[in-house]
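Reader: I am new to reading protein models, and I would like to learn how to look at charged side chains. Could you take me through it step by step?

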Amino acid sequence: MPATRELLTLQSVDGDLAVRHARLGEIAPLLGDDSALRALARRLASEQTEVDSALGRQQEFDAVIAGFTERVDAAEARLYSGVVVNPRELQDLQADVNMLKRQRGQQEDALLEVMVELDTARGDRDASARELEELKASWQAEQRSLTHEQQRLQAEVADLERQRADAVARTPPPEVALYERVRRNHPHPVAQMHNNACNACRVGVPMRTAQEVRTSQSPVRCPNCGRILLPE
């Protein structure tokens, strides 16, 4: 068997290594990437701020309304106490009570709007909190899976590297050098010849070259694409 056939083994190992290195390259940036979690946590914090703001305004309105209620109660107590008997004073006192009630009503309307806003903000916050918990669980499971996959691939790479070293050791150095040189231009530097044509570029080779591929103990390259040709 021509020593060149060891290059086919080497090419197969290199292909397997390339696949695993590519996947390891995809996994690396995913491990520890919690950007989605941090983005959701920021959204949750923002929604909590909105809840706190609405709650603070609700408390302010409660205090203002309580103040108006206290003033209305005091004015009505004086109005109905019998102490004030002057009709003009009674009329002015009643007008004050009515004005205070209107102002309190305006504050109560505003309070209702704030309470609706608060309910909405709490709903958004609670939904985001649930989403964050679900995302955390999913992210942790994915991280475990990626870690296991990374470890498996690294072990496979180590085994393939050993196989590659063995294949290189069985191949004459000039052929290995040629293989590496061709591989710089072609990820798959070795092709088989079928029906006097290169299986990679599909271009026929001259009869003399085809005969050399079949009989030579040294590598023969495709005149068209430059790959190392092997007989069927």
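Author: What follows is a conversation about salt bridges and about one charged residue that has none.

Author: Please keep in mind throughout that this is a predicted model.

Reader: What is the general idea behind a salt bridge, and how many salt bridges does the structure hold?

Author: Side chains of opposite charge can pair when their charged atoms come close. In this model there are 19 salt bridges, and we can take a few of them in turn.

Reader: Which side chain does Glu26 meet in a salt bridge?

Author: The partner of Glu26 is Arg23, with a distance of 3.0 Å from N to O. Both residues belong to helix H1 (residues 5–30), and because they are three residues apart there, about one helical turn separates them. As for their surroundings, Glu26 is partly exposed with a relative accessible area of 45%, and Arg23 is partly exposed as well, with a relative accessible area of 26%.

Reader: With which residue does Glu47 form a salt bridge, and is Glu47 buried or exposed?

Author: Glu47 pairs with Arg43, and their closest N and O atoms are 3.9 Å apart. These two residues are four residues apart in helix H2 (residues 35–79), so they too are separated by about one helical turn. Glu47 counts as buried, its relative accessibility being 12%, whereas Arg43 counts as partly exposed at 36%.

Reader: Where do Glu133 and Lys136 lie?

Author: Both are found in helix H3, three residues apart, which is about one turn of the helix. Their side chains meet in a salt bridge at 3.9 Å, N to O, and Lys136 is partly exposed, with 34% relative accessibility.

Reader: Which residues are linked in a network of salt bridges?

Author: The network links Asp14, Arg164, Glu180 and Arg183, so when you read a charged residue here, please look beyond a single pair.

Reader: You spoke of a residue without a salt bridge; how far from Arg104 is the nearest side chain of opposite charge?

Author: That side chain belongs to Glu108 and is 4.1 Å away from Arg104. Because a salt bridge requires the nitrogen and the carboxyl oxygen to be within 4 Å, Arg104 is left without one, although it is buried. Arg104 is located in helix H3 (residues 87–169).

Reader: What is Arg104 in contact with, leaving aside its neighbours within four places in sequence?

Author: With those neighbours left aside, Arg104 is in contact with Ile65, Phe68, Thr69 and Val72.

Methods. Residues are numbered from 1 along each chain as its sequence is written. This is a predicted model: local features need pLDDT of at least 70, side-chain atom pairs count only at pLDDT 80 or more; totals for chains, interfaces and linings use all residues. Side-chain values use heavy atoms; hydrogens and water are left out. Buried means under 20% relative accessible area, exposed over 50%, partly exposed in between (1.4 Å probe, protein chains only). Lys and Arg count as positive and Asp and Glu as negative; His and the chain ends are not counted. Contact means heavy atoms within 4.5 Å.
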